[in-house]
Amino acid sequence: MPDAAATPATTPQGLPAGTTRHVLKPRPPFTGYAVAAVMSVAGAVLIVMAAAQGWSNGWIALFAVVLALGIALALTATWSMFRMRLYVDLDAKGYHIHGAGQDRSGKWADVTRAALTESRSRLTLYHGQVGRTHIVRPGVGDPAEMDRMAADIAHRLDADRGYSQNPH
């Protein structure tokens, strides 16, 4: 049995102890799901009607295509919702942004300022006069998660610079 002291502690998400993960995800695509449902139900009903009425196989095939497109749209909407998730992992040393086609990381020592837009759709980490790292909320997303992440980043920047978290 391995020595517990030699094994680093992890969070329930499997991250190293002291790391927080913020998951920025879009809201479910309700319009896409509604269109997919209408297409799927219409395609299925029309297939049954066409078969019962003895319509030609061409009509049945056309309605089957409508049904298949409805199912494909529902699957695509679900896939895109998971694909657009952005993970922001924060620890005492820095940040790691990954998901949604991104993979960036940096150290708190290199961050000179952090700013959240008024709409809370984008948080920018400034690296001196020129460097910028943008964390953009996917889709409409949840502004409350951006607020939690901004507060976590502010806390970690303060801790990195040795600022006291307790007023005395």
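The legends below describe close-up views of a predicted model, each centred on a few side chains.

**View 1. A salt bridge joins Arg 21 and Asp 89.**
A search of the whole structure finds five salt bridges, and one of them is formed by the side chains of Arg 21 and Asp 89, with a distance of 2.7 Å from N to O. The pair links distant parts of the chain, since Arg 21 belongs to strand E1 (residues 20-24) and Asp 89 belongs to strand E2 (residues 86-90), 68 residues apart. The two partners can also be described by their accessibility: Arg 21 is partly exposed, with a relative accessible area of 25%, whereas Asp 89, with a relative accessible area of 9%, is buried. Asp 89 is called buried because its value of 9% falls under the 20% limit for that word.

**View 2. A salt bridge joins Arg 120 and Asp 147.**
Here the side chains of Arg 120 and Asp 147 meet, with 2.9 Å from N to O. This pair, too, links distant parts of the chain: Arg 120 is found in the loop between strand E5 (113-116) and strand E6 (122-127), while Asp 147 is part of helix H3 (residues 143-161), 27 residues apart. Arg 120 is partly exposed, at a relative accessible area of 30%, and Asp 147 is partly exposed as well, at 31%.

**View 3. Within helix H3, Arg 156 and Asp 152 are four residues apart and form a salt bridge.**
The closest N and O atoms of Arg 156 and Asp 152 are 3.0 Å apart. Both residues lie in helix H3, and their spacing of four residues corresponds to about one turn of the helix. Both Arg 156 and Asp 152 are buried.

**View 4. Trp 55, Trp 59 and Phe 63 make up one aromatic cluster.**
The count of aromatic pairs in the model comes to four, and among them is the tilted pair of Trp 55 and Phe 63, with 6.3 Å from centre to centre and 55° between the planes. Phe 63 also forms a tilted pair with Trp 59, for which the centres are 5.8 Å apart and the planes meet at 35°. Trp 59 and Phe 63 are four residues apart in helix H2 (residues 57-83), which means that about one helical turn separates them. Phe 63 is buried, with a relative accessible area of 8%, whereas Trp 55 is partly exposed at 36% and Trp 59 is partly exposed at 46%.

**View 5. Arg 113 lies over the face of Tyr 126.**
This view shows a charged side chain together with an aromatic ring: Arg 113 is placed over the face of Tyr 126, at 4.1 Å from the ring centre.

**View 6. Six residues, including Met 49 and Trp 55, make a nonpolar surface patch.**
The patch covers about 580 Å² and is made by Val 41, Val 45, Met 49, Trp 55, Trp 59 and Leu 62. The elements that give two or more residues to this patch are helix H1 (30-53) and helix H2, and H1 gives the most, with three residues. Met 49 lies in helix H1 and counts as partly exposed, at 40% relative accessibility. Trp 55 and Trp 59 appear in this patch and also belong to the aromatic cluster with Phe 63.

Notes: Residues are numbered from 1 along each chain as its sequence is written. This is a predicted model: local features need pLDDT of at least 70, side-chain atom pairs count only at pLDDT 80 or more; totals for chains, interfaces and linings use all residues. Side-chain values use heavy atoms; hydrogens and water are left out. A salt bridge is a side-chain nitrogen of Lys or Arg within 4 Å of a carboxyl oxygen of Asp or Glu. Buried means under 20% relative accessible area, exposed over 50%, partly exposed in between (1.4 Å probe, protein chains only). Rings of Phe, Tyr and Trp (its six-membered ring) pair if their centres lie within 6.5 Å; planes under 30 degrees apart count as stacked, over 60 as edge-to-face and the rest as tilted. A charge sits over a ring if NZ of Lys or CZ of Arg is within 6 Å of the ring centre and within 35 degrees of the ring normal. Patches are made of residues with over 30% relative accessible area and no salt bridge: like charges are joined within 9 Å, nonpolar side chains (Val, Leu, Ile, Met, Phe, Trp, Tyr) within 5 Å. Accessible areas come from the Shrake-Rupley method with a 1.4 Å probe; for residues, only the protein chains shown count as cover.
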